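Let's take a walk through this model, starting with one pair of neighbours and working outwards. Keep the viewer open as you read.

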Amino acid sequence: MKILFIHKQNFMFFGVSALAGYIKKFGHTADVLIANKEKNLVAKIKEINPDIIGFSIMSNDYIWFLDEAQNIKKLFSEKLLIVGGTHCYLCSELIELPFVDIVCVGEGEKPLTNLLNALQNKNDYSHIKGLIIKKNNQIIKNEIDIPIQNLDEIPEDRSIYLNRYPHFKNENLLQVISSRGCPLYCSFCINGKINEFYKNQSIKFHRQKSPQFLINELKNFLILFPKTKTIFFPDDIFLLNKKFIKEFAELYSKEIAIPFVMTTFPFYIDDEIAKLLKNANCKIVMTAPETANEQHRFEIFKKKIKNQHFIDMSKIAKKHNLKIYTTAMFVYPKQTIDDVYKTIEFNHQLQTDIPFKSFLQPYPHTEIYEIALKNNNIPQNFSFQDLPQSYFLKSPLNHQQKNEITLIYYFYYFLVKYPSFYKLIKKRLYILKLIPFKTLINYFGIFLWFKNFKNLSSAAALLYMLRFWKDK
Ligand code: B12
């Protein structure tokens, strides 16, 4: 059977290439169309003539999906339309849309393979775990399937992207997911929701490819992407298992050695690990305090990590010459201007090299949504349609100090990087107000963040950013 994946952004979705690689093991094939790269999507679908059509969406794609999927189903009504991706973890109600036949909730490898097998053998597919199915106008809600525990069973197939979009071959930055899941229940993150699904089951929330499998995968990718200068592991949490990192670092330094960037919780960085990372050519350690207000981190974000952990991590990372990347969330319930100032000062203390910022997005069906609702930051009927296209541009919350916090947000990169600039404006926000072209300054800060963390030249960073801008 042939499935055609469709998504919006000009990016090789790891989920889609994992699905393509996995179903291939069972004799099925996949193709992919990136809507933003296609002038005539319909003509391409006709040409590919798949057995089924699969959309992959995040919540920010919701409005795009409503439009695109409806149109496609109208023209290809005989083909099953299935939708998966992170949005479906939060919104299985998509099945109620008349043009949606199946919603995949959770990881898709097993459910999709079972579906394709059933279709091929003309078997009934109504009771496949992980799928919500509409058949004869009835909705069948099957329970979520247990995700594959051993990630080495899932070989990613990126050739489906390269065959159709050879421009990906020229990228300097190779992105590879080494793990899935996160043990934390942060109120704003999709992982809290995923962990809820599996609460009473004895499965591992965080799964990681074995070091040897990952190294082999990297070697194969480096053949496909020969211009790679940096490797980025955008896992929710890359460094969580010391045994893994010890084996990985040793193999990586011998067999790959290309500069890399990875994510971690601060308390996993000790002297021994930092040394291993440095020797393996790790350049940047990414970690996520979100705010310097520890009480807010604990009670609003439900992220039980103390400031002291970040401070200790910073000392060790700096000692070993590793750069520090931190994240900060703006305009969240109960945040005050003072919290924002403290967060900037905290980053000075951490000597953050690459400060990342975003506006909180209260996705419906997450815990932060309930918190924002209770705190009157969003109206009762706030829905996915009210979310902005990107978390960089504006806050969807009502908040008493929204204007002032947004003003500091625009300048955040520079305020962290240049403490003397910060000292000048602290408690003198009128100075920031006087500076013209604030939106441009926001973009410039995002550009510098992007360029530095992805280790790109200015031209490459600009091209990359324009690509995402277009996707917006
Ligand atoms: C890499 C990444 C990106 C990439 C690729 C996105 C993608 N969809 O693959 C890019 C750079 C494009 C991206 C962009 C954004 N991202 Co992003 N991103 C991620 C990240 C870090 C990893 C995604 C991933 O590869 N996971 C691993 C794979 C294996 O899992 P998966 O993608 O979920 O796929 C599995 C299932 O969902 C399912 N599945 C997926 N598609 C399909 C299709 C079918 C037919 C079927 C049957 C099954 C199926 O099967 C897959 C394999 O098991 C996640 C964090 C996370 N934990 O997911 C955030 C995440 C997906 N991103 C998020 C956000 C918010 C964004 C942005 C909106 C941020 C912004 N800048 O404003 C932008 C999009 C903006 C825009 N311009 O449109 C949120 C989405 C939340 C939500 N409710 O949807 C996440 C979950 C982060 C978070 N913790 O909240 N992102």
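In which sense do strand 6 and strand 7 pair, and over how many bridges? They run antiparallel, with four bridges between them. One of the residues to click on is K134, whose bridge partner in strand 7 is I139. Keep in mind that this is a predicted model.

Now zoom out to the sheet that this pair belongs to. It is an open sheet of seven strands, ordered 2-1-3-4-5-6-7, with mixed pairing. Strand 2 (29–34) and strand 7 (138–141) sit at the edges with a single partner strand each, so one side of each has no neighbour in the sheet. On average, neighbouring strands here are turned by 20 degrees against each other, if you ignore direction. As background, strands of a sheet pair through backbone hydrogen bonds, in either a parallel or an antiparallel way.

Next, look at what packs on those strands. Helix 1 lies across strand 1, strand 2 and strand 3 (52–56), and runs at about 160 degrees to strand 2. Helix 5 is worth a stop too: residues 109–120 make up its twelve residues, and from first C-alpha to last it reaches 16 Å, close to the 16 Å expected at 1.5 Å a residue. Which residues of helix 5 are buried? They are E109, P111, L112, T113, L115 and L116. These buried residues pack against strand 1 (2–7), helix 1 (14–24), strand 5 (102–104) and strand 6 (131–135). After helix 5 comes K122, which has a positive phi near 55 degrees.

Step back once more, to the domains. The domain assignment splits out domain 1 (2–141) and domain 2 (171–471), and their centres, taken over C-alpha atoms, are 30 Å apart. Where they meet, 14 residues of domain 1 are in contact with 17 residues of domain 2. On the domain 1 side, helix 3 (62–75) and helix 4 (86–90) each supply at least two of the touching residues. Helix 4 gives the largest share of that side, with three residues.

Finally, the whole chain. There are 19 helices and 15 strands in it. Its radius of gyration is 23 Å, close to the 23 Å that the globule rule gives for 472 residues, so the chain is as compact as a globular protein of that length. The C-alpha atoms fill a box of roughly 70 × 55 × 45 Å along the principal axes, and 42% of the 472 residues count as buried. Among contacts between residues at least 6 apart in sequence, 74% join residues at least 24 apart.

Notes. Residues are numbered from 1 along each chain as its sequence is written. This is a predicted model: local features need pLDDT of at least 70, side-chain atom pairs count only at pLDDT 80 or more; totals for chains, interfaces and linings use all residues. The expected span of a helix is 1.5 Å times one less than its number of residues. A residue is buried if 20 or more other C-beta atoms lie within 10 Å of its own, exposed if 12 or fewer, and partly exposed in between; C-beta atoms are placed from the backbone. Two residues are in contact if their C-beta atoms, placed from the backbone, lie within 7 Å. The radius of gyration is taken over C-alpha atoms; the globule rule is 2.2 Å times the number of residues to the power 0.38. Two strands pair if DSSP finds at least two bridges between them. Axes are lines fitted to C-alpha atoms, for helices over the stretch in contact, and angles run from 0 to 180 degrees between N-to-C directions. Domain bounds come from an automatic or database domain assignment.
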